[in-house]
Structure formats: structure tokens, C-alpha cells
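Colleague: Could you walk me through this one? I would like to start with the DNA.

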2 protein chains.
Amino acid sequence: MARGADTREKLLDTAIDLIWRSSYDGVGVNEICKRAGTTKGGFYHHFETKADLFYAASEHYWEGKQRELNDIFSPTYTPLEQMENLINMIVEKQDVDQYDDNPVAGCPFFTSGSQCSSDEEKVRLAAVKMSDNAVMYNVGLVHALKGSGVLNGDANPEVLGRMLQQFIQGVLIYGRVHRDLDVVKADLREGFCRILDLKQEYRQPVLQAAE
Amino acid sequence: MARGADTREKLLDTAIDLIWRSSYDGVGVNEICKRAGTTKGGFYHHFETKADLFYAASEHYWEGKQRELNDIFSPTYTPLEQMENLINMIVEKQDVDQYDDNPVAGCPFFTSGSQCSSDEEKVRLAAVKMSDNAVMYNVGLVHALKGSGVLNGDANPEVLGRMLQQFIQGVLIYGRVHRDLDVVKADLREGFCRILDLKQEYRQPVLQAAE
DNA sequence: ATATATACATACCGACCGGTTTGCATTCAA
DNA sequence: TTGAATGCAAACCGGTCGGTATGTATATAT
């Protein structure tokens with residue numbers, strides 16, 4: 001049972017990594033097993049189908065991500081710093097990992113969910129969950145920004161949080177197909193400021209933001 | 001030679017349609033041939049590989065789209081009306097076609113290019129071309145809007161045109177995974193106004209816009 | 001020590017993949 | 001009228017897909 005949990009987790013991590021690099025359809029069960037140091041016997045001992053693995057992997061991934069986001073959105077940061085942290089996290093996640101030849105990875109669950117065929121409903125549901133989770137954090141951020149008075153005009157946090165998520169994904173996909181990380185870095189911050197309608201005096205990057 | 005061109009075009013149209021509904025990987029050559037009323041013999045008579053078909057189909061698609069866009073951005077419309085036309089075109093394209101059970105289709109070339117494995121470079125290149133084409137029209141729109149004085153602040157047309165494209169794709173993918181067309185309709189216009197920083201008095205939909 | 005359940009490895013399955021080969025109409029050139 | 005090229009249909013190819021069946025080593029319970 002000890003090694004059982006290890007194998008399972010290794011499969012989850014490996015699946016995330018591989019699917020992130022290409023896509024759900026682009027990665028085979030065999031490849032996942034091989035890289036995880038096991039075989040199909042092990043795979044189908046822990047998961048019923050490939051889609052089940054994907055769903056479980058997305059939840060597994062989110063657990064770690066959630067802790068990361070909690071740090072980033074820690075109340076010890078001002079809302080502006082939190083925004084800065086979020087932007088930095090998205091950008092750094094891309095070029096640190098250096099996925100193969102593509103500098104931009106994007107979010108595996110979100111992009112995979114949008115492309116998979118309709119009969120793999122579980123894959124889409126995983127993407128919906130991941131997306132909704134991300135939006136939640138964005139909404140909280142907008143609330144905080146609004147409360148600290150750095151936004152112009154009227155800001156509906158629910159709408160803006162969702163729009164930030166849409167924009168982030170759009171920028172990442174754009175960067176991915178163009179194989180261009182620089183444009184991601186540049187457009188991400190500019191888009192945030194514009195969508196949120198951040199007051200001009202706060203649009204410069206907050207110096208000395210996060211860890 | 002007469003029927004030859006017909007078969008070829010039927011394959012192009014069918015490929016666009018099917019890939020649009022699912023994805024590049026999700027559609028097989030067999031299925032494309034079957035729905036186009038031909039066989040693999042016919043397919044590989046006209047195209048060398050599946051990726052070649054995709055590339056050719058994207059160009060074929062763009063020819064028709066270009067005419068549509070030229071109408072939409074006709075100088076007989078004010079820049080604001082042109083923007084209205086664009087938003088309407090994007091939205092209408094989605095629910096009119098009613099792709100299977102998914103109300104939101106998105107752009108097949110863009111989404112496919114982002115997901116396919118790295119060895120299918122031609123698919124990615126097709127996506128880049130389509131994306132750049134779209135951005136070109138957006139940049140022109142921003143120039144026109146800027147010239148007519150409906151935008152606040154400083155507007156870099158190149159950057160904003162690109163950001164509009166990123167945002168559009170992000171919204172469409174979001175709508176696709178959530179199977180929600182209404183959120184697409186709502187967020188698209190709001191996002192345009194915010195990204196462009198449209199002056200408040202012009203943010204209401206231009207009545208009686210396009211055809 | 002023995003029975004049972006767990007945690008896999010190995011071998012295998014039918015289906016389908018993109019792509020090829022072959023043959024047969026039809027069209028056109030000479 | 002004949003020969004060659006075009007436009008395809010049908011059958012086929014090796015490879016890979018997700019998934020299964022079976023065997024086995026280990027760990028645990030009794």
C-alpha cells in the first residue's frame with residue numbers, strides 16, 4: 001500500500017507534465033506509464049480510464065496550485081502586489097519549466113478541455129472545474145483591488161474575474177502558437193491594467209513585489 | 001479536371017467543418033473522406049498529407065472570411081459600427097451553425113494549432129497565419145477608432161489589435177469548455193470596451209449597425 | 001505456514017490511425 | 001481509334017491507440 005500510493009502519485013504528476021507539453025489526445029497511456037516507471041497493469045490498477053486519470057490529475061494539480069495561490073494572495077500583500085504576484089507567477093511558470101521547444105505552455109486542463117471530442121465529457125468537466133477555480137481567485141483579487149480604490153469606474157468583480165481568466169488563456173494560447181514568450185510578458189500586464197481599468201498612477205509594476 | 005476541383009474543394013470545406021467541431025487530432029482522414037463523399041484515394045490524390053490539407057483548408061477558409069471581413073469593415077460604416085459588426089459576426093458565427101451539442105465553436109485553426117504535437121509544424125504555422133491575418137484587421141479597426149476620437153488615453157494599434165485577438169480567443173475557449181454562449185455574448189462586448197478603453201459615452205451598442 | 005488481497009508486469013486484443021498500392025474508369029491528345 | 005494522363009475507389013499496410021486478461025511477486029491476515 002505504501003508503494004501503491006507512490007505509483008499513483010507518480011502517474012498523476014507524469015500525466016500533468018506530459019499533457020502540459022502537448023495535449024490530452026497527444027499523449028498516450030503507454031508513454032505516461034513508461035515515464036512514470038510503470039506499465040499499463042499499474043495504470044489500470046489505479047485508474048479506470050485515461051479520462052479518469054486526467055480528472056484525478058487535474059484535482060491533484062489544483063491542490064498544489066491552491067497553496068501557491070494562497071501564498072501569492074496572502075493578506076500580507078497589498079492588492080496591487082497580489083496582482084503583480086499573479087502576473088509574475090503566470091510568466092515564470094512558462095519559461096522556468098522550458099517545455100521542450102515551446103516556450104509557452106499554457107494551462108493543460110483548460111486547453112485540453114476545449115479540444116477533446118464530445119464523448120470525453122470528463123475531460124471537459126475537469127477543465128471547467130479548473131477554470132472556475134481560477135476565476136474564484138481572480139474575483140477575490142478584483143474585490144480587493146476595488147476595495148483599495150485603485151480602479152476607475154464601476155467594476156463588477158464576478159465579470160472582471162472571469163474576463164481576466166479568459167484573457168490570460170487567450171494570451172497564453174497566442175504565445176504558444178507563436179512560440180513567443182516575450183509577447184506574453186508584455187501583453188499580460190497591459191491587458192490586466194486595461195481590463196481592470198486600473199488608475200494610471202498605479203499602472204507601473206509594483207517594485208519589490210513577491211518572494 | 002472539372003470534377004477534380006470539385007472534390008478538392010469539397011474536401012477543404014468538409015475538413016474545416018469537421019475540425020471546427022472537434023479538433024485536428026480528433027478528426028480522421030477516413031471521416032473527412034466519407035463526409036466529403038470520396039475515399040482515401042481521392043484524398044491523397046489531392047493532398048500529400050493530412051497536415052497539408054489542414055494548411056490548404058485554412059487558406060481556403062481565409063479567402064471567404066476575408067471577403068466577409070471586408071464587408072464588415074467597409075468604409076461605409078463608422079469605426080464604432082465596424083466594431084459592432086465584428087462583435088456581432090463573432091457571436092452569430094457561433095450559434096447559427098449550432099455545432100453538434102456545443103454552442104460555441106471557436107476558431108478551428110487557432111485552437112488546433114495550439115494543441116497539436118510539435119512535429120506537425122505545418123498545423124501550427126497555419127494557426128499562426130490565421131492569427132496574424134485576424135490581428136491585421138483588428139489593428140486597422142483600432143487605427144480607425146483612434147482616428148475618430150472615441151478612445152481614451154494612448155492607444156498603440158498594434159498592441160491593442162493583438163490583445164483583441166487574444167481576448168476573443170480566450171472568450172471563445174471559455175465559452176466552449178463551459179458550453180455557454182451567453183457568457184460569450186456578454187463578455188465579448190464588455191472586454192472590447194475595456195481593452196480599447198472606449199469613452200463611456202460610446203459604450204452602448206451602436207443601434208442599427210450591420211446588415 | 002497458509003490463504004488472501006494488493007500491486008503490479010507482460011502479453012495481448014480489436015479498432016483505428018495516416019498513408020500506400022493497385023486497378024479501373026473517364027478524359028483528352030494525337 | 002488509340003495511348004497516355006487524370007481522378008478516383010478499394011483493398012491493404014505497419015503502427016499505435018485505449019483497454020483487457022493473465023500471471024506473479026509481495027505483503028498482510030489468520
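Colleague: Which residues are the closest to DNA strand C?

Modeller: This is a predicted model, in which local features need pLDDT of at least 70 and side-chain atom pairs count only at pLDDT 80 or more, while totals for chains, interfaces and linings use all residues. Residues are numbered from 1 along each chain as its sequence is written, chains are lettered from A and ligands numbered from 1 in the order in which they are written, and side-chain values use heavy atoms, with hydrogens and water left out. DNA strand C is surrounded by 20 residues (near means a heavy atom within 4 Å), and the closest are A:Thr38, A:Thr39, B:Val29, B:Lys40 and B:Lys50. Of the strand's atoms that come within 4 Å of the protein, 57% belong to sugar and phosphate.

Colleague: What does B:Lys50 do there, in terms of distance to a phosphate oxygen?

Modeller: A polar side-chain atom of B:Lys50 lies 2.7 Å from a phosphate oxygen of DNA strand C, whereas B:Val29 has a backbone N or O atom 2.8 Å from a phosphate oxygen of that strand.

Colleague: And how do the residues of that surface divide into nonpolar, polar and charged?

Modeller: There are four nonpolar, twelve polar and four charged residues, where Asp, Glu, Lys and Arg count as charged, Ala, Val, Leu, Ile, Met, Phe, Trp, Tyr, Cys and Pro as nonpolar, and the others, Gly among them, as polar.

Colleague: Changing topic, how many helices and strands does chain A have?

Modeller: Chain A has nine helices and zero strands (DSSP runs of H or I with at least four residues, or of E with at least two, numbered from the N terminus). Of its 211 residues, 57% count as buried, meaning under 20% relative accessible area with a 1.4 Å probe, protein chains only.

How values were computed. A polar contact is a pair of N or O atoms within 3.5 Å; within protein, one must be able to donate a hydrogen and the other to accept it, and residues adjacent in sequence count only if both atoms are side-chain atoms. Buried means under 20% relative accessible area, exposed over 50%, partly exposed in between (1.4 Å probe, protein chains only).
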